[in-house]
Amino acid sequence: PSLECNDHPPSKFLLKWRGAIKNMMRVSLSFIPDHFGEKQSSDEVQYDPDCKGNRSSSIDSIGPDCDRMIQVLMSLVHLFLGFVYLFIFLLSLGIVLKLIFQRKLLSAGWPKFFHPLLMAGCFIRSIFFILQPFIMEDNIKVENKTNVILNSLPSFLFFTNYLIILFIWAEIYHYAHRSTQVGISKLRPIFITVNVVMYIVIFFLYLLSYLMYPKPDYLNVSNANDKAEIALFWFDITIYFFTSVGFLAYGTRIYYKFARVPVYTKSRRHILRKIQVITVLVSLCFLIRIGLILLDVAFNVNVSGFWWFDGTYYFCLEVIPLGLMLYLLHGHNKSAAKRHVNSDEGRYHEESPLVVSPE
């Protein structure tokens, strides 16, 4: 008997989600063949482990099975990534709430910008990945332009977080070299200008995509189909390239600046190790990301056609760097103390746990 009440029928939204879950279960159960448990000789079945279509005529039905298996695996990977980003969102939200309860958010300096941007990017990314299995099954209709926005906007929000760290490093380096206070004070207006220009360009490209191609386009995957969306990816490549160069340049210079200081303590070793990890990891992840996007945009190589690609790409090139910085920030909040950088040429005060540690 049905457990539904006729007076209160389920909403259309619940019916769509129920249908999507049923379809995924049906596809999963369809992997079990009718002859399961029966022994077959090697000349009757030729197994194709890569699902590339290399099969004999006696098992022509194995192709659709491979397609369904790949589709389910991609859905599981997307759901896994969605919950990973949701976990980072909740973790960052907990840190922000802790700062609010301690009445330290307004006086926290750069963390009051870092955490909200991280939360916004992770929340949008989580929605994007959780929606993908239902979009692929045609249970939810999302226009491709909207899907592209959900996919690309978090990258730029995370980029602002990386810029915060980069400009802190730039201030520390120029202060250590006894740069004029006027020159150092210009760094923060440059940071604000770069971000404002970046978001204006992004908004213009999003708007241009809707104005030039107003016809709705529904696809099962997020894909750049018009010139404005392709230009958006080229813009993404450009800003990440220059940021990787900036991290490599300033990270290397600050590292050697610390290494030349004659006093070599345990705290200083911790500083050097932290600078090394962030410089190498962020620069390497940015360059790999640029190369993969170039293969797709410039050379039309579909690198995202494998079911495991999205999981490897986003987890290694985005989740790990963000998780590392959040881990260092979490440790900073536990030992909230004034940080400072000593050098053989000057002294610079900055609350930057991604660079220094307490004495």
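Helices, as used here, are DSSP runs of H or I with at least four residues, numbered from the N terminus. The structure is a predicted model.

**Exercise 1.** State which part of the structure holds Glu137, whether Glu137 is buried or exposed, and which side chain has a polar contact with the Glu137 side chain.

*Solution.*
1. Helix α3 covers 111-136 and helix α4 covers 144-176; Glu137 sits in the loop between them.
2. The relative accessible area of Glu137 is 18%. Buried means under 20%, so Glu137 is classed as buried.
3. The side chain of Glu137 makes a polar contact with that of Gln71, at 3.2 Å.

**Exercise 2.** Locate Ser126, classify Ser126 as buried or exposed, and list the residues that Ser126 touches, not counting residues up to four places away in sequence.

*Solution.*
1. Ser126 belongs to helix α3.
2. With a relative accessible area of 3%, Ser126 is under the 20% cut-off and therefore buried.
3. Leaving out residues up to four places away in sequence, Ser126 is in contact with Gly82, Tyr85 and Leu86.

**Exercise 3.** Describe the protein by its secondary structure, burial, contacts and exposed surface.

*Solution.*
1. There are nine helices and two strands, and along the sequence they follow the pattern α-α-α-α-α-α-α-α-α-β-β.
2. Of the 359 residues in the protein, 42% are buried.
3. Take the contacts with a separation of 6 or more: 77% of them are between residues 24 or more positions apart.
4. The exposed area of the protein is about 20,200 Å², with 66% of it supplied by carbon and sulfur atoms.

Terms used:
Residues numbered from 1 in each chain as written. Predicted model: local features only at pLDDT ≥ 70, side-chain atom pairs only at ≥ 80, totals over all residues. Heavy atoms only, no water. Buried < 20%, exposed > 50% of the residue type's maximum accessible area, 1.4 Å probe, protein only. Polar contact = N/O pair within 3.5 Å; in protein donor to acceptor, adjacent residues only side chain to side chain. Contact = heavy atoms within 4.5 Å. Areas by Shrake-Rupley, 256 points an atom, 1.4 Å probe, with all protein chains shown as cover.
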